[in-house]
Amino acid sequence: MDLLNTLGLFLGSLLSNTLASLSGGGAGLIQFPLLIFLGLPFTIALATHKVASVALGLGAAVKHLRGGQLDWRLTGFVPLAGMAGVIAGANLILFVPGRQAEAALGLLILGLGLYSVTKTSLGQHAQPRHRDARGMLIGGIGLAAIGVLNGSLTAGSGLFVTLFLIRWFGFDYKQAVALTMISVGLFWNGIGAAAMYLAGAEIYWPWLPILLAGSLLGGYLGAHLASRKSNTLIKRCFETLTFLIGLKLLIGF
């Protein structure tokens, strides 16, 4: 890879992961298509993107852990609840044609954005709920279903988790984004990458150092911005990314 493409790969990774860390998901909007544009086949690009996205979670986790505002019970619960779904999705994507699934996912993500836009007070203030045994069980089933999307598709599952945490468990946007970045960015993506590798997916190792550097720095920078900005701004960033990712998946460009 020449110097120009190396710089483009780093900047694309940095931008996509900063936006994802600020909004609660969507790193694949820029990073994954960039890997394909630079010449990687779909499954290799997906596996490489999954591995690099672990650094997004690590960078964000460092910042959010220093902030000391995490709900530790749910920080442990969310990764465990989605683990089976992530492993299942990572194995499914190697055998299932992805275009129709991506279009359907695009419609769902557009629906997330429209829902958030119409609910002006959504996620502006924390309103804890459904944290008893029954609520945690139902929440765990929902997270496991989202985990299948995370393991199998390229972008958008973090956005589902962010909105699910707000709607079901009553987090505000700042809390939900922090928990999503640690649970999805660090643990789910790590599990998904390992599952894809064990299932036979090839990872393009020469580009990983650049991607890991962009993901790590972008994760920390986005988490820093999220901790300083208002829930309203984070909500707007979330909605913007849902529309962009939804259209990208629906149209397929």
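This text walks through a helix crossing, a buried threonine and a small group of charged side chains.

The model is predicted, not determined by experiment. Start with two helices. Helix α3 covers residues 42-67. Helix α9 covers residues 208-228. Their axes come within 7 Å of each other. They cross at roughly 35 degrees. The crossing of α3 and α9 is right-handed. What kinds of residues make up the contact of α3 with α9? Nonpolar residues account for 13 of them, polar residues for eight and charged residues for two.

Now turn to helix α7, which spans residues 157-169. Find T162 in this helix. Is T162 buried or exposed? Its relative accessible area is 0%. The cut-off for buried is under 20%, so T162 counts as buried. Look next at what surrounds T162. Leaving out residues up to four places away in sequence, T162 touches S23, G24, Y173, A176, V177, T180 and F238. G24 deserves a second look. Its backbone oxygen lies 2.9 Å from a polar atom of the T162 side chain. So where is the side chain of T162, a buried residue, placed? A polar atom of that side chain sits 2.9 Å from the backbone oxygen of G24.

The last stop is helix α10, residues 231-251. Here the topic is charge. Side chains of opposite charge can pair when their charged atoms come close. How many salt bridges are counted in this model? The count comes to two. One joins E239 to K235. The closest N and O atoms of this pair are 2.6 Å apart. The other joins R236 to E239, with 3.0 Å from N to O.

Check where these residues sit along the helix. E239 and K235 both lie in α10, four residues apart. That spacing is about one turn of the helix. R236 and E239 are three residues apart in α10, so about one helical turn separates them. E239 takes part in the bridge with K235 and in the bridge with R236. K235, R236 and E239 are thus linked in a network of salt bridges.

How accessible are the members of this network? E239 has 5% relative accessibility, so it counts as buried. K235 has 1% relative accessibility and counts as buried. R236 has 43% relative accessibility, so R236 counts as partly exposed. The network therefore links buried E239 and buried K235 with partly exposed R236.

Note on methods: Residues numbered from 1 in each chain as written. Predicted model: local features only at pLDDT ≥ 70, side-chain atom pairs only at ≥ 80, totals over all residues. Heavy atoms only, no water. Axes fitted to C-alpha atoms, helices over the stretch in contact; angles between N-to-C directions. Left-handed = near helix turned anticlockwise from the far one by under 90°. Nonpolar A, V, L, I, M, F, W, Y, C, P; charged D, E, K, R; others polar. Buried < 20%, exposed > 50% of the residue type's maximum accessible area, 1.4 Å probe, protein only. Polar contact = N/O pair within 3.5 Å; in protein donor to acceptor, adjacent residues only side chain to side chain. Contact = heavy atoms within 4.5 Å. Salt bridge = Lys/Arg side-chain N within 4 Å of Asp/Glu carboxyl O.
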